Amino acid sequence: MITYIASIDVGTTNTKINLFNREYQLIDTFKSSYQKINHQNDLYEMDFDEIWHIVTDGLDHLIHRYQLAELEIILTTAMHSVQLLDQDFNLFGQMVTWADRRGHELLPQLSKTEKEKVYQRTGTPIHSMNPYIKLLSIYQSDMKIASIKDLLFYRLTGEWAIDLSNASSSGLLNLATLDWDRELLTQLGLSVNDLPKIRPVNYAVKSFYKSLQIPIKVIIGTSDGVSSNYIFNDLNYHAVLSIGTSHAIRIVADSPSTNVDLNNFSYAIDAYHYLIGLASNNGADILTWACDIFKTDFKELNEICINRPADQAVFIPYINGERAPIWQDSASANLLNLTRSASRESILYAIILGMLFNIKVNVTHLGDLVAFDKIGLVGGVTQMTGLTQLIADVLNKDLYIPQMENAETMGTIHLAHDVLSNGKYTVIQPNIEAAKILAPLFAQYLQQVN
């Protein structure tokens with residue numbers, strides 16, 4: 001029996017490796033941020049070799065520190081990444097992330113009917129975040145198409161494979177067949193041999209990566225979005241809100257669901273479960289931006305969430321353009337209804353509320369697709385008690401926050417091992433009176449964005 005599990009979470013700003021024992025207790029964490037991100041104009045690129053070195057250095061560190069005799073590795077990776085390869089699996093160019101806008105210039109050339117047909121077949125919004133749209137712009141003939149997940153799996157095991165959920169978020173998977181969409185492949189000039197094999201979440205291979213020097217089993221795992229939801233797999237009728245740089249609200253359903261008006265995503269997890277949700281460009285990055293502009297920190301923002309200064313200013317939070325709910329890359333932020341009575345604190349409060357009201361719109365839209373009555377919350381904001389209470393009041397739903405440290409990487413373990421969460425949550429209930437005060441402010445917000 002495997003004694004230790006290394007849950008590897010590769011995101012778009014850092015990689016984290018959590019080491020667990022077989023009772024799923026956290027032993028240690030190795031984390032490293034990327035130094036070679038290329039973020040300028042429409043580009044947002046990462047260096048896959050940098051990711052690879054972080055992963056292998058982290059594994060080597062944990063193996064030697066704890067004198068591990070064997071190890072199980074489970075992979076969780078960000079969605080929508082694209083890496084071109086030559087036929088010998090050499091990297092061609094940089095790793096392209098979801099935030100890279102290449103391909104957006106081609107969107108006007110696609111007819112409304114064509115966009116809707118592709119969206120309905122794949123469940124991936126037709127937007128520059130979609131790898132299919134990027135490939136229309138960057139693909140070169142005689143290239144293989146890879147992503148973070150399948151490249152990691154390939155280098156660890158020698159087998160080129162991707163899990164179903166990451167394949168589904170590529171924009172190239174057909175939801176009806178759960179295989180690569182032949183029509184899109186033909187359009188791009190690809191064959192199935194130019195893409196990795198699609199495997200289930202629990203697919204495992206013994207590692208041949210000799211420098212780690214111990215027996216290793218690699219489980220292919222899933223995506224970060226799926227992992228976040230399976231942290232809460234012991235709850236019923238719940239959605240999961242993850243607030244990082246961006247935000248997303250997601251729910252696991254037993255059938256796919258697409259809506260051309262909402263442009264929600266619908267990604268297959270397996271043949272019986274689908275991740276349904278909406279993603280925004282503007283999450284806690286709003287708070288980081290506010291801290292930079294007002295020369296403050298998250299501690300003061302949290303105090304403002306507790307004190308809640310009165311004012312009628314309205315902030316439209318599209319500082320990064322926007323995906324859901326408006327799907328406009330060119331959107332910009334606005335601060336409205338300012339008067340002489342506005343204070344520094346009230347303006348910061350309006351900015352915080354703008355971020356949360358934008359989340360509320362997406363939460364409401366998801367509720368129109370799939371019913372839920374509670375929300376699991378993950379992300380660094382869970383450490384801000386004033387903000388989390390404000391989130392509960394704005395959304396008017398109970399929030400469940402995992403008590404386990406670094407819980408984000410546990411979801412993939414729960415799914416791959418078919419185990420339930422331990423159910424230890426901090427539950428934050430909305431304050432009814434506070435929710436009543438916030439309701440007219442939200443109505444003002446809706447008047448400005450609609």
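This section describes the overall dimensions, surface, charge and cysteines of a predicted model.

The protein contains 13 helices and 24 strands. Its radius of gyration is 22 Å, close to the 22 Å that the globule rule gives for 450 residues, so the protein is as compact as a globular protein of that length. The C-alpha trace spans about 65 × 55 × 40 Å along its principal axes. Among contacts with a separation of 6 or more, 70% join residues that are 24 or more positions apart.

Burial and surface composition were computed for the whole protein. Of its 450 residues, 56% count as buried. The accessible surface amounts to about 18700 Å², and carbon and sulfur atoms contribute 48% of this area. The charged side chains comprise 33 positive and 48 negative groups. The centres of these two sets lie 1 Å apart.

A search of the whole structure for disulfides returned zero. C291 takes part in no disulfide, and the nearest cysteine sulfur, that of C305, is 11 Å away. Likewise, C305 is in no disulfide, its nearest cysteine sulfur being that of C291 at 11 Å. A disulfide requires sulfur atoms within 2.5 Å, so a pair 11 Å apart does not qualify. Both cysteines fall below the 20% limit of relative accessible area that defines burial. C291 has a relative accessibility of 7% and therefore counts as buried. C305, at 1% relative accessibility, counts as buried too.

Technical notes
Residues are numbered from 1 along each chain as its sequence is written. This is a predicted model: local features need pLDDT of at least 70, side-chain atom pairs count only at pLDDT 80 or more; totals for chains, interfaces and linings use all residues. Side-chain values use heavy atoms; hydrogens and water are left out. Buried means under 20% relative accessible area, exposed over 50%, partly exposed in between (1.4 Å probe, protein chains only). Helices (H or I, at least four residues) and strands (E, at least two) are DSSP runs, numbered from the N terminus. The radius of gyration is taken over C-alpha atoms; the globule rule is 2.2 Å times the number of residues to the power 0.38. Contact means heavy atoms within 4.5 Å. Accessible areas come from the Shrake-Rupley method with a 1.4 Å probe; for residues, only the protein chains shown count as cover. Lys and Arg count as positive and Asp and Glu as negative; His and the chain ends are not counted. The place of a charge is taken as NZ of Lys, CZ of Arg, CG of Asp or CD of Glu.
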